[in-house]
Amino acid sequence: MSKRHAQVWAGIDAGKGHHWAAVVDGTGATLWSKKIENDESAILTALGEILGLADEVHWAVDISGTSSALLLALLAAHGQQAVYVPGRTVNRMSGAYRGEAKTDARDAYVIAETARHRNDFASIDVPARLAADLALLTAHRSDLVADRVRMINRLRDVLTGVFPALERAFDYSAHKGALVLLTGYQTPAAIRRRGRARLTAWLANRSVRGADTVAATALEAAQAQQTALPGEDVAAQIVADLAAQILALDDRLKRIEKQIRETFRSHPQAEIIESLPGMGPILGAEFVVAAGDLSAYTDAGHLASAAGLVPVPRDSGRRTGNLHRPKRYSRRLRRVFYMSAQTSIIREGPNRDFYLKKRGEGCKHVQAVIALARRRASVLWALLRDGRIFTSTPPVTQAA
């Protein structure tokens, strides 16, 4: 312990409440192994002890999310660079060492040993303030969207049990007027008693567009059902409560999306990203969060590979050219390229032309969209590299 080494490898099994760090030397011998509370003072104390062991310390962690945010920030503040060792890799490497026990200390040792043997792991960079803000905002928006979908499904299920005709009459995921209607009237008898004229006036007072059409549709559904089903009164209260919650959630989504747009457009490359057809501010913000530092991608192929848009060969012996879908890639980055590609084919232009060309070659819809997404990854990478806006016609190549 008193001997100072030239270089050591520190593996950290990160957790919510505490981390476990293990340090190995060039021979794989354990020099230091301790539990570290996820607290600034405890991390700084451990950091000082580990840095005192060697002239150069190679850091590796198995989590790069919120659990290790404080740890990574303190490492960066002290000029230390950490690499990310995926949990799947740690799990597989554990089988290469003696014993079947699974403890935090053993996992930290395996992480350190894996980092010692391999030097191709991706470095973890502490995100800048803008990227961190976008990460929090986009994650919060995703949670709100998931809550909205869950509540709409619950509303439709409850409404089907007491008023199936009204449930079929509207698309509640996209019709605000129908949700406003449900905050006041949820049963056939209540709608019939109100009548079309007074129901139209009630909806109009609440700024519902096409109030007369909504009232007429609701009254038609009420006329089709004359029977009151069991549990109607309780179900009506639940439906009204869910409809009010969904409307309030829609207001929250509008505010968060406005904040995302304003934050994203302060990014230095926002104009370039948003110039690509189908890439709006929301998907642009998700791209900035999912892609991270673009300098880590040496070419467009690396960016496409990170998004899972490049097939992986599975050859053996005489079997060659056997390609399959990759398993390890950023699902979020793939979604950004897929959704933006699917949006871009709505309007006329080079994106739609390429999509129709692939469909003409026999590709199914999903295959054609993925092919377009792969092409768009190359285009976006080139735009960001050159710092220019997207144009439907390629730029003129200058003679050397």
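**Helix packing and loop positions in the predicted model**

Helix α10 covers residues 211-223. Its 13 residues reach 18 Å from the first C-alpha to the last, close to the 18 Å expected at 1.5 Å a residue. The structure described here is a predicted model. Seven positions of α10 are named below, and each of them is buried: Ala211, Val214, Ala215, Ala218, Leu219, Ala221 and Ala222. Seen down the axis of α10, these buried residues fall within an arc of 160 degrees, so they line one face of the helix. The face turned away from this buried side carries Thr213 and Glu220, which are exposed. The buried residues of α10 have several covering elements, including α6 (164-169), α7 (176-184), α8 (188-194) and α9 (196-204).

One of these covering helices, α9, contains Ala197. Ala197 itself is exposed, with a relative accessible area of 63%. This value is over the 50% that marks an exposed residue. Ala197 can also be placed relative to α10. Its C-alpha atom is separated by 8.1 Å from that of Ala215, and the two residues are 18 residues apart along the chain. Ala215 belongs to the buried set of α10.

The loops on either side of α10 come next. Ser207 is found in the loop between α9 and α10. The phi of Ser207 is near 60 degrees, a positive value in a residue other than glycine. Most residues other than glycine have a negative phi. Ser207 is exposed, and its relative accessible area is 67%. On the other side, Gln226 has its place in the loop between α10 and α11. Gln226 is exposed too, at a relative accessible area of 52%. Gln226 and Ala189 are 37 residues apart in sequence. In space, their C-alpha atoms are 7.6 Å apart.

Helix α4 (residues 104-117) meets helix α3 (residues 87-94). Their axes come within 10 Å and cross at roughly 100 degrees. That makes α3 roughly perpendicular to α4. On the α3 side, the contact is made by Thr89, Val90, Met93 and Ser94. On the α4 side, Arg106, Asp107, Val110, Ile111 and Thr114 take part. The residues of this contact divide into four nonpolar, three polar and two charged.

The helix α4 has 14 residues. It reaches 20 Å from its first C-alpha to its last, close to the 20 Å expected at 1.5 Å a residue. Helix α4 is mostly covered, with ten of its 14 residues buried. The buried residues are Arg106, Asp107, Ala108, Val110, Ile111, Ala112, Glu113, Thr114, Ala115 and Arg116. They pack against the strands β1 (5-13), β2 (18-24) and β4 (54-61), and also against α3.

Helix α5 (129-162) follows β6 (123-124), with a loop between them. The helix has 34 residues, which should span 50 Å at 1.5 Å a residue. Its end C-alpha atoms are 50 Å apart, which agrees. The buried residues of α5 include the leucines Leu134, Leu137, Leu144, Leu155 and Leu159. Also buried in α5 are Thr138, Arg141, Arg148, Met151, Ile152, Val158 and Val162. The buried residues of α5 pack against five helices: α6, α7, α11 (232-264), α13 (281-291) and α15 (331-344). Helices α6 and α7 also help to cover the buried residues of α10.

Ala128 lies in the loop between β6 and α5. At 52% relative accessibility, Ala128 counts as exposed. Ala128 and Gln223 are 95 residues apart in sequence. Their C-alpha atoms are 59 Å apart in space. Gln223 is the last residue of α10.

A further loop residue is Asp39, found between β3 (30-37) and α1 (40-51). Asp39 is partly exposed, with a relative accessible area of 38%. This value falls between the 20% and 50% cut-offs. Asp39 and Ala96 are 57 residues apart in sequence and 33 Å apart in space, C-alpha to C-alpha.

Technical notes: Residues are numbered from 1 along each chain as its sequence is written. This is a predicted model: local features need pLDDT of at least 70, side-chain atom pairs count only at pLDDT 80 or more; totals for chains, interfaces and linings use all residues. Side-chain values use heavy atoms; hydrogens and water are left out. Axes are lines fitted to C-alpha atoms, for helices over the stretch in contact, and angles run from 0 to 180 degrees between N-to-C directions. Helices (H or I, at least four residues) and strands (E, at least two) are DSSP runs, numbered from the N terminus. Angles under 35 degrees count as roughly parallel, over 145 as roughly antiparallel, 65 to 115 as roughly perpendicular and the rest as oblique. Contact means heavy atoms within 4.5 Å. Ala, Val, Leu, Ile, Met, Phe, Trp, Tyr, Cys and Pro count as nonpolar, Asp, Glu, Lys and Arg as charged, and the others, Gly among them, as polar. The expected span of a helix is 1.5 Å times one less than its number of residues. Buried means under 20% relative accessible area, exposed over 50%, partly exposed in between (1.4 Å probe, protein chains only). The arc is that of the directions from the helix axis to the C-beta atoms.
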